[in-house]
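Biologist: Please take a close look at one part of this model, the interface, and then link it to the rest. Keep the cut-offs in view.

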Protein chains: 2
Amino acid sequence: MKEISKLMDYRQGIRVVDATLRDGGLVNEFRFDDEFVRALYNTNLKAGVDYMELGYKADKELFDVNKFGKWKFCDDEAVFKVIGEKKGDLKLAAMADVGRCNYKEDIRPKDESPFDLIRVATYLNTIPAAVEIIEDCVNKGYETTCNIMAISNAQEKDVKAALEIICQSNVKCIYIVDSYGALYPEQLARIVDFYSEIASKYGKEIGIHAHDNQRLAFANTIEAIGDGVNWVDATYSCMGRGAGNCGMELLLGFLKNPKYREYFAFKFVEEYMTKLKADGVVWGYDLQYLATGLSNQHPRSAIAFTNEKRTDYAEFYKELLAQE
Amino acid sequence: MKEISKLMDYRQGIRVVDATLRDGGLVNEFRFDDEFVRALYNTNLKAGVDYMELGYKADKELFDVNKFGKWKFCDDEAVFKVIGEKKGDLKLAAMADVGRCNYKEDIRPKDESPFDLIRVATYLNTIPAAVEIIEDCVNKGYETTCNIMAISNAQEKDVKAALEIICQSNVKCIYIVDSYGALYPEQLARIVDFYSEIASKYGKEIGIHAHDNQRLAFANTIEAIGDGVNWVDATYSCMGRGAGNCGMELLLGFLKNPKYREYFAFKFVEEYMTKLKADGVVWGYDLQYLATGLSNQHPRSAIAFTNEKRTDYAEFYKELLAQE
């Protein structure tokens with residue numbers, strides 16, 4: 001049982017990362033208008049959020065710029081144009097996906113770019129490529145995190161071996177990513193335990209990125225915080241792929257550092273997120289996502305179910321059973 | 001950290017209580033049609049649910065029978081008529097609210113009634129009245145539980161004193177009720193701890209009834225299960241007052257006893273719950289409920305906000321601040 005003082009006090013080391021544009025962009029093809037992005041930036045400033053992730057640094061050879069909004073690519077110039085002069089302590093982040101980015105060219109030296117942090121996303125089978133991007137970005141002056149995806153169906157020994165390799169790089173923080181929304185808090189506590197063992201040996205931070213397939217994104221996030229995880233991802237209105245993420249408004253309400261102010265999250269949700277939903281952008285917990293979470297698999301079949309506007313949950317459940 | 005074996009195996013003592021009609025009835029004035037109730041009964045049978053709560057035993061002197069559906073009153077005859085011959089192991093329950101029921105007349109001896117379990121709901125200031133109802137019902141042949149509401153803003157010493165009194169009665173189980181949806185799992189773990197200390201002394205079971213104001217109803221329920229709580233309330237599609245309850249489909253997916261089958265929950269949600277929502281019955285997590293949960297207060301102002309179809313969450317947040 002966690003100590004009462006841990007709930008009452010706060011840890012200086014906590015870093016809140018707003019992933020609305022990046023993970024949320026996966027459900028509207030990154031088509032956020034400039035006013036939305038500027039309002040989000042100003043909200044994060046007022047709410048005390050530490051990092052704002054603007055999207056992906058996607059390779060234009062692989063992804064057609066006409067088929068996505070600009071936050072799929074996060075060109076430095078586009079960011080400068082929309083955000084303007086950076087204010088306050090809010091740092092900017094972009095995600096570099098192993099195999100899907102041309103980091104050597106598209107990520108310029110930090111002093112020429114608006115970004116402070118590059119988040120390197122990798123699966124377990126591309127760790128050396130992730131390390132290569134991390135070192136390149138560190139050499140260019142960036143902070144980096146490494147987000148190892150889809151660990152819920154990986155062997156613990158494989159994850160540990162990967163952590164040993166990544167922790168020997170100059171990465172700042174290793175993220176636990178529950179890509180499938182399959183983990184219960186008790187399982188997450190055990191995963192944090194072995195991440196901590198390796199991360200503390202190398203002086204690295206740990207982060208958590210949760211999905212809401214089992215309506216546990218917030219619960220898993222605060223479980224991780226209680227276990228010592230310092231970097232926490234959240235999105236406004238839980239916006240994110242499939243079932244979505246940990247809600248920023250929930251997270252800020254939980255954190256006790258007075259710099260975090262959930263009022264501004266309420267205001268942003270009211271003024272901007274409600275409109276996105278009304279305009280037909282679809283995300284969030286529903287039974288198809290619960291079904292893929294329960295069976296610990298990628299949500300792609302549930303996303304297809306959603307896109308086809310199906311509501312025959314029981315039939316979908318049976319389809320998943322038949323696959324196995 | 002809980003043992004892995006506790007997640008993999010299951011406890012024989014777990015009892016799942018479907019509270020859809022009772023807590024859900026609070027958002028549609030108990031107007032469920034007979035077909036819905038029969039389908040729910042059959043679903044609970046197939047899904048392995050242990051108890052089905054049909055509603056309240058409300059006093060007709062205090063509540064106008066023309067203003068509510070019949071599940072507010074749960075007349076034995078009405079239940080016999082809708083459910084017919086009882087099947088399988090599914091037991092039936094009704095709630096007796098201290099001060100709002102005429103239990104001496106309306107609760108008949110068990111062998112004349114369809115019910116197996118009477119759940120006595122009480123606030124901390126009416127414990128002797130609760131004990132009176134418990135003993136009356138036990139004498140009539142029923143199992144009983146005692147649901148102490150709104151403990152999240154009570155003094156721990158008061159709750160302990162109440163538990164000592166109730167545990168000396170013939171009650172079977174004491175419920176922890178997070179009426180305001182204000183508790184985090186870490187806090188709940190500590191509450192379970194002192195409930196357990198007293199309950200085990202008297203050989204009583206502990207139950208959990210959670211609300212989803214902070215999207216933690218399911219997380220708090222499985223936290224409680226991990227801590228040794230055996231009686232767990234859930235509702236289909238989380239239907240319940242305000243932000244709603246722990247979802248039955250989530251809970252059945254978590255429990256490992258093979259008698260619980262979440263497929264039937266998926267099917268019921270698809271065929272019946274989706275229709276209720278489409279017909280305009282409103283419940284579930286939203287920012288007004290988060291706001292009252294965060295400030296640890298009764299959701300009545302948030303329910304009014306919902307009923308007025310307001311969406312100015314930020315203004316509502318400020319109204320709550322101004323109250324204090």
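**The interface and the fold behind it**

Modeller: A turn of 180° and a shift of 0.0 Å along the axis lay chain A on chain B with an RMSD of 0.0 Å (least-squares superposition on the C-alpha atoms of residues with pLDDT of at least 70 in both copies). The two copies are thus related as by a two-fold rotation axis. This is a predicted model: local features need pLDDT of at least 70, side-chain atom pairs count only at pLDDT 80 or more, and totals for chains, interfaces and linings use all residues. Residues are numbered from 1 along each chain as its sequence is written, while chains are lettered from A and ligands numbered from 1 in the order in which they are written.

Start at the axis. Of the residues of chain A, A:A219 comes closest to it, with its C-alpha at 3.0 Å.

Now the contact. 37 residues of chain A touch 37 residues of chain B (contact: C-beta atoms, placed from the backbone, within 7 Å). On the chain A side, the elements giving two or more residues are α8 (185–202), α9 (217–226), α10 (248–254), α11 (262–278), α12 (287–294) and α14 (313–323). Helices are DSSP runs of H or I with at least four residues, strands are runs of E with at least two, and both are numbered from the N terminus. By class, that side holds 20 nonpolar, 7 polar and 10 charged residues. Nonpolar means Ala, Val, Leu, Ile, Met, Phe, Trp, Tyr, Cys and Pro; charged means Asp, Glu, Lys and Arg; the others, Gly among them, are polar. The copies meet through the same surface, because 100% of the interface residues of chain A are also interface residues in chain B.

Next, the fold of chain B. Its 8 strands close into a barrel in the order β1-β2-β3-β4-β5-β6-β7-β8, with parallel pairing (pairing: at least two DSSP bridges between two strands). From one strand to the next, the twist averages 25°. Take β1 (residues 15–18) and β2 (residues 51–56) of chain B: 2 bridges join them, and they run parallel. B:V17 stands opposite B:Y51 in β2(B). Helix α2 (residues 20–28) of chain B packs on the sheet, touching β1, β2 and β3 (91–97) of chain B. Its direction makes about 35° with that of β2(B) (axes are lines fitted to C-alpha atoms, for helices over the stretch in contact; angles run from 0 to 180 degrees between N-to-C directions).

Notes. Two residues are in contact if their C-beta atoms, placed from the backbone, lie within 7 Å.
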